Amino acid sequence: MRHETVTQLKQDFPALSFVLNGGVADSDALATHLAVHDGVMVGRAAYHEPFSLAGWDARFLGAPAGAGTDRDAIEAAFVGYMERLAGTGEPWTHASRHMLGLRNATPGARRWRQVWSDHRLHGLPPREVSRQARAALATSAHELARA
């Protein structure tokens, strides 16, 4: 990542558009780069910690505050998407792997990911796998709280 180079190019050629590609992991860094560059691509941070982006629409795009900030609602919406995907004949598992970071840093997240990743469940509808994953999440969280 050569952010300094992109920044210098933007200063040298202000009439051109420059979009920073990668290396931005949080909203404060994004704000800093958006003050200088025309755009910012967020790759790994979005993939590994997708929930960290929940407030970005409100902060940077004027979306209502709190929109999309509930992990359960996000999962439910994604399950709906996977069901539509499966309805076209595309395996829903092609999409499910992209939400495995949704519950990172929450109690029971590991068990939740294990259920979503269990190949024995791939023949079930996404809604059923979600039910099982959320049950595992609740059980794991309860067990962790008792420990």
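Select Asp38 first: at 41% relative accessibility, this residue counts as partly exposed. The model on screen is predicted.

**Stop 1: Asp38 and Lys10**

Add Lys10 to the selection and show both side chains. Lys10 and Asp38 form a salt bridge, with N and O 2.9 Å apart. Lys10 lies in helix α1 and Asp38 in the loop between α2 and β2, so the bridge ties together parts that are 28 residues apart in sequence.

Is Lys10 buried or exposed? Lys10 has a relative accessible area of 12%, and the limit for buried is under 20%, so Lys10 counts as buried.

Now look for the backbone oxygen of Pro14, which lies 3.1 Å from a polar atom of the Lys10 side chain. Then display what else surrounds Lys10. With neighbours within four places in sequence left aside, Lys10 is in contact with Leu16, Ser17, Phe18, Val36 and Asp38.

**Stop 2: helix α1**

Select residues 3-12, which make up helix α1. Colour His3, Val6 and Lys10, the buried residues here. Turn the view to look down the axis of α1: the buried residues fall within an arc of 65°, so they line one face of the helix. Glu4 and Gln11 are exposed on the other side of α1.

What do the buried residues of α1 pack against? Select β1 (19-21) and α2 (27-34) to see their partners.

Before leaving α1, pick Thr5, which lies in this helix. Thr5 is partly exposed, at 31% relative accessibility. For a sense of scale, draw a line from the C-alpha of Thr5 to the C-alpha of Arg97: the distance is 34 Å, and the two residues are 92 apart in sequence.

**Stop 3: helix α2 and its cap**

Move to α2 and colour Ser27, Leu30 and His33, its buried residues. Seen down the axis of α2, these residues fall within an arc of 125°, so they line one face of the helix. Their packing partners are α1, β1, β2 (39-41) and α4 (56-61).

Next select Asp26, in the loop between β1 and α2. Asp26 caps the N-terminal end of α2, with a side-chain oxygen 3.1 Å from the backbone nitrogen of Asp28. A polar atom of the Asp26 side chain also lies 2.8 Å from the backbone nitrogen of Ala29. Asp26 is partly exposed, with a relative accessible area of 39%.

Another line can be drawn from here. Asp26 and Gln114 are 27 Å apart, C-alpha to C-alpha, and 88 residues apart in sequence.

**Stop 4: the nonpolar cores**

Select Met82, Trp112, Val115, Trp116 and Val129. These have the most contacts inside the largest nonpolar core, which has 15 residues. Which elements give two or more residues to this core? They are α5 (71-87), α7 (109-117) and α8 (126-146). The largest share, four residues, comes from α8.

Keep Trp116 selected and show its surroundings. Beyond its neighbours within four places in sequence, Trp116 is in contact with twelve residues listed by name here: Glu75, Val79, Met82, Trp92, Ser96, Met99, Leu100, His122, Pro126, Val129, Ser130 and Ala133.

A second core, separate from this one, has seven residues. Select Phe18, Leu20, Val40 and Trp56, which are among them.

**Stop 5: more salt bridges**

The model has eight salt bridges. Select Arg103 and Asp72, a pair whose closest N and O atoms are 2.7 Å apart. This pair links distant parts of the chain, 31 residues apart: Arg103 is in the loop between α6 (93-96) and α7, and Asp72 is in helix α5. Arg103 is buried, with a relative accessible area of 4%, whereas Asp72 is partly exposed, at 29%.

Then go to Arg131 and Glu128, whose closest N and O atoms are 2.7 Å apart in a salt bridge. Both are in helix α8, three residues apart, which means about one helical turn separates them. Glu128 is partly exposed, with a relative accessible area of 25%.

For the last selection, show Asp72, Glu75, Arg103 and Arg134 together. Salt bridges with shared partners join these residues into one network.

Notes
Residues are numbered from 1 along each chain as its sequence is written. This is a predicted model: local features need pLDDT of at least 70, side-chain atom pairs count only at pLDDT 80 or more; totals for chains, interfaces and linings use all residues. Side-chain values use heavy atoms; hydrogens and water are left out. Buried means under 20% relative accessible area, exposed over 50%, partly exposed in between (1.4 Å probe, protein chains only). The arc is that of the directions from the helix axis to the C-beta atoms. Contact means heavy atoms within 4.5 Å. A nonpolar core is a set of buried Ala, Val, Leu, Ile, Met, Phe, Trp, Tyr and Cys residues joined through side-chain atoms within 4.5 Å. A polar contact is a pair of N or O atoms within 3.5 Å; within protein, one must be able to donate a hydrogen and the other to accept it, and residues adjacent in sequence count only if both atoms are side-chain atoms. A salt bridge is a side-chain nitrogen of Lys or Arg within 4 Å of a carboxyl oxygen of Asp or Glu.
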